[in-house]
Amino acid sequence: MSQHDRHLALNELALDAKRLRSQFDEAMTAHRDELLKYLHRRTRDAELAADLTQETLSRMMVYRDNSKVESYELLMYRVAHNLVLEHQRARFRRHASDHVSLSVVGPLRADETPVDEIVDARMSLELLKRALIGLPPKRRLAFMLSRFEGMTYPEVAARMGISVKMVEKHISKALLTFRAAVGERDG
Amino acid sequence: MGVSAMATENERLAELAADFLARSRDETPAERQAREAWLAEDPRHLRLYRSLEKLDKDATALLDDPELRALLKHNSE
């Protein structure tokens, strides 16, 4: 490899890394508001929701250069979900003993980001993916046309030659199949 | 209530929640009111509904993967 080739190869790598980062940054910016709303719904506390949003985004930074993450959005919600649980546990502990330092709810350092968040998110996704693939063909088609193609139920019904009620039944049953596949983690 | 009766009750509620969620895209104002009343009735209702909503969202996000979509399309035909 000539010096020139090596230079080109390095440039290529740098470009890839840059692309990855801008993809990540775009995903975070695009979902920030929705994340805040989600956390507000979960906590019913505007200030806490803003704090947890910040904390979620800062924990997500660890994954900024990780090309193996399948969906930043899903991982982000998993991280946020775990933060809410952590917060609730910490609050419970504070109530249980007034001597527990506030630092238990403070941000974890980046190098302490639990690995199980990634494993957990991947596992659920994998189960969900299998459930999607395993749906009866008509049910899967109804779900895809509605959710991915963005068709209305009457449009899906017309395309598939079935009633709107039947489309709804397919969607409802598909959701229950997902629930059974991923395991009941209600809450 | 025994453990299995409780499980059955939970399944029944999950089915109701899934029906409400599926219907919510196309609901009339009266249906919306009925759904909201049901959700406010019992924290379990809301929990079930929210977890199904999350699955709905996750599954929809998965469909962003062109490879998976191709596989699903192939199998649907």
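How many helices and strands are there in chain A?

1. Fold of chain A. The model is predicted. Chain A has 7 helices and 0 strands. Its pattern along the sequence therefore reads α-α-α-α-α-α-α, with helices defined as DSSP runs. Of its 187 residues, 38% count as buried. Take the contacts in chain A between residues at least 6 apart in sequence: 59% of them join residues at least 24 apart.

2. Extent of the interface. On the side of chain A, 36 residues are in contact with chain B, which contributes 35 residues. The two chains bury about 3300 Å² between them. Carbon and sulfur atoms account for 65% of that area. In chain A, the residues that lose the most area to chain B are R147(A), F148(A) and R179(A). Together they make up 18% of what that side buries.

3. Charged and polar pairs across the interface. The rule finds 5 salt bridges between chain A and chain B. One pair to inspect is E168(A) with R23(B), which form a salt bridge. Their closest N and O atoms are 2.2 Å apart. Polar contacts between the chains number 7 residue pairs, counting those with both residues at pLDDT 80 or more.

4. Who supplies the side of chain A that touches chain B. Six elements of chain A each give at least two residues: helix 1 (3–43), helix 3 (72–96), helix 4 (115–134), helix 5 (137–148), helix 6 (153–160) and helix 7 (164–182). Helix 7 of chain A gives the most, with 11 residues. By class, this side has 18 nonpolar, 15 charged and 3 polar residues.

5. The largest nonpolar core. It holds 40 residues. L132(A), F143(A) and F178(A) have the most contacts inside it. Both chains feed this core. From chain A, helix 4, helix 5, helix 6 and helix 7 each supply at least two residues. From chain B, helix 1 (3–23), helix 2 (29–41), helix 3 (43–62) and helix 4 (66–76) do so too.

6. F178(A) and the second core. Setting aside residues up to four places away in sequence, F178(A) touches L128(A), A131(A), L132(A), L135(A) and F143(A) in chain A. In chain B, F178(A) touches L55(B) and A59(B). A second, separate core has 22 residues. Among them are F24(A), M28(A), L48(A) and V84(A).

7. D56(B). Is this residue of chain B buried or exposed? D56(B) lies in helix 3 of chain B. It counts as buried because its relative accessibility is 7%, and the cut-off for buried is under 20%. The side chain of D56(B) makes a polar contact with the side chain of R147(A), at 2.7 Å. R147(A) is also one of the residues of chain A that lose the most area to chain B. Apart from its neighbours within four places in sequence, D56(B) is in contact with F143(A), R147(A), L175(A) and L21(B).

8. R44(A). This residue sits in the loop between helix 1 and helix 2 (46–60) of chain A. Its phi is near 55°, a positive value in a residue other than glycine. Most residues other than glycine have a negative phi. R44(A) is exposed, because its relative accessible area is 67% and the cut-off for exposed is over 50%. The backbone of R44(A) merits a look for its positive phi.

Note on methods:
Residues are numbered from 1 along each chain as its sequence is written. Chains are lettered from A and ligands numbered from 1 in the order in which they are written. This is a predicted model: local features need pLDDT of at least 70, side-chain atom pairs count only at pLDDT 80 or more; totals for chains, interfaces and linings use all residues. Side-chain values use heavy atoms; hydrogens and water are left out. Contact means heavy atoms within 4.5 Å. Buried area is the accessible area (1.4 Å probe) that two parts lose on being put together, summed over both. A salt bridge is a side-chain nitrogen of Lys or Arg within 4 Å of a carboxyl oxygen of Asp or Glu. A polar contact is a pair of N or O atoms within 3.5 Å; within protein, one must be able to donate a hydrogen and the other to accept it, and residues adjacent in sequence count only if both atoms are side-chain atoms. Helices (H or I, at least four residues) and strands (E, at least two) are DSSP runs, numbered from the N terminus. Ala, Val, Leu, Ile, Met, Phe, Trp, Tyr, Cys and Pro count as nonpolar, Asp, Glu, Lys and Arg as charged, and the others, Gly among them, as polar. A nonpolar core is a set of buried Ala, Val, Leu, Ile, Met, Phe, Trp, Tyr and Cys residues joined through side-chain atoms within 4.5 Å. Buried means under 20% relative accessible area, exposed over 50%, partly exposed in between (1.4 Å probe, protein chains only).
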